[in-house]
Amino acid sequence: MKEKPYKLGIMGGTFNPIHQGHLVAAEIIRDEFGLDEVLFVPSGKPPHKDNNEIAAPKHRWIMTVLATASNEYFSVSAIEIERKGESYTRDTLLELKKIYGEKTQFYFITGADAIAEISTWHKSENLPKLAKFIAASRPGYKLEWEKIDPRFRNFTYLIEIPALAISSTEIRKRVRENKTIKYLLPQAVEKYIYKNKLYQKGVGS
Ligand code: ATP
Ligand code: MG
């Protein structure tokens, strides 16, 4: 009898900070696709982002661990944080293949905003060989096949998830403006932000 392959979801992100939008998307996709595990991979130095407002990798990693600890299917990887220089999805997938083995099926999870940019990613033509892609709906971004590079369409799934109009940008702004962020993200992460004075002057220490 053929052995069932291990299905690994990979949730990449800056997680600056992680919030309920990330967690709901990951959990619903895990359930719908029957994933054995969802691995959250906080980025080191993100190639697509301005670094001004980004909290130190150590803080983003700890917040991601705090937010995912209570879900038995969720885990966190430090590979992008430990890697020197910029992180590319392709390098991350290649490294994870070495760790999880060739038999593991990889599902790279992104939001509707990120999937539209996929063909601009480093050596993107090789990505479909490494993983399938799951794009989750996100308020403010239309989830449409037309926006996805035709070369990726056969390797991509689109999924509608309950809308949570939460973004890390909005949370950082609220912290700066002394507005509440309660319930937008897990309580442990909320407390961690205040304890470490993150995002208060627009710069993460
Ligand atoms: P920022 O505002 O700093 O860009 P963000 O909220 O977009 O932060 P990221 O770390 O950039 O969060 O996102 C990581 C991944 O999670 C991306 O693929 C993004 O599309 C997805 N994502 C983020 N927020 C949501 C949400 N509310 N619903 C669905 N997917 C989301
Ligand atoms: Mg974003």
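Biologist: In this predicted model, a salt bridge is a side-chain nitrogen of Lys or Arg within 4 Å of a carboxyl oxygen of Asp or Glu. How many salt bridges does that rule give?

Modeller: Let's try the rule on one pair. Arg151 and Asp149 have side chains that meet at 2.8 Å, N to O, and the limit is 4 Å. Going by this rule, the count of salt bridges comes to 11.

Biologist: Okay, take the salt bridge between Glu53 and Arg172. How many residues apart in sequence are the parts it ties together?

Modeller: The closest N and O atoms of Glu53 and Arg172 are 3.5 Å apart. Glu53 lies in the loop between strand E2 and helix H2, while Arg172 lies in helix H8, so the pair ties together parts whose separation in sequence, in residues, is 119.

Biologist: Is Arg172 buried or exposed?

Modeller: Buried means under 20% relative accessible area. Arg172 has 10%, so this residue counts as buried.

Biologist: Which residue joins Glu53 and Arg172 in a network of salt bridges?

Modeller: We already have Glu53 paired with Arg172. The network links these two with one further residue, Arg176.

Biologist: Now the strands. Which strand pairs with E5 over 4 bridges?

Modeller: E5 covers residues 132-136, and 4 of its 5 residues are buried. With E4, E5 pairs in the parallel sense over 5 bridges, so E4 doesn't fit your number. The parallel pairing over 4 bridges is with E6.

Biologist: And which residue in E6 is the bridge partner of Ala136?

Modeller: E6 spans residues 156-159. There, the bridge partner of Ala136 is Ile159.

Technical notes:
Residues numbered from 1 in each chain as written. Chains lettered and ligands numbered in written order. Predicted model: local features only at pLDDT ≥ 70, side-chain atom pairs only at ≥ 80, totals over all residues. Heavy atoms only, no water. Buried < 20%, exposed > 50% of the residue type's maximum accessible area, 1.4 Å probe, protein only. Helix = DSSP H or I, 4+ residues; strand = E, 2+ residues; numbered from the N terminus. Pairing = 2+ DSSP bridges.
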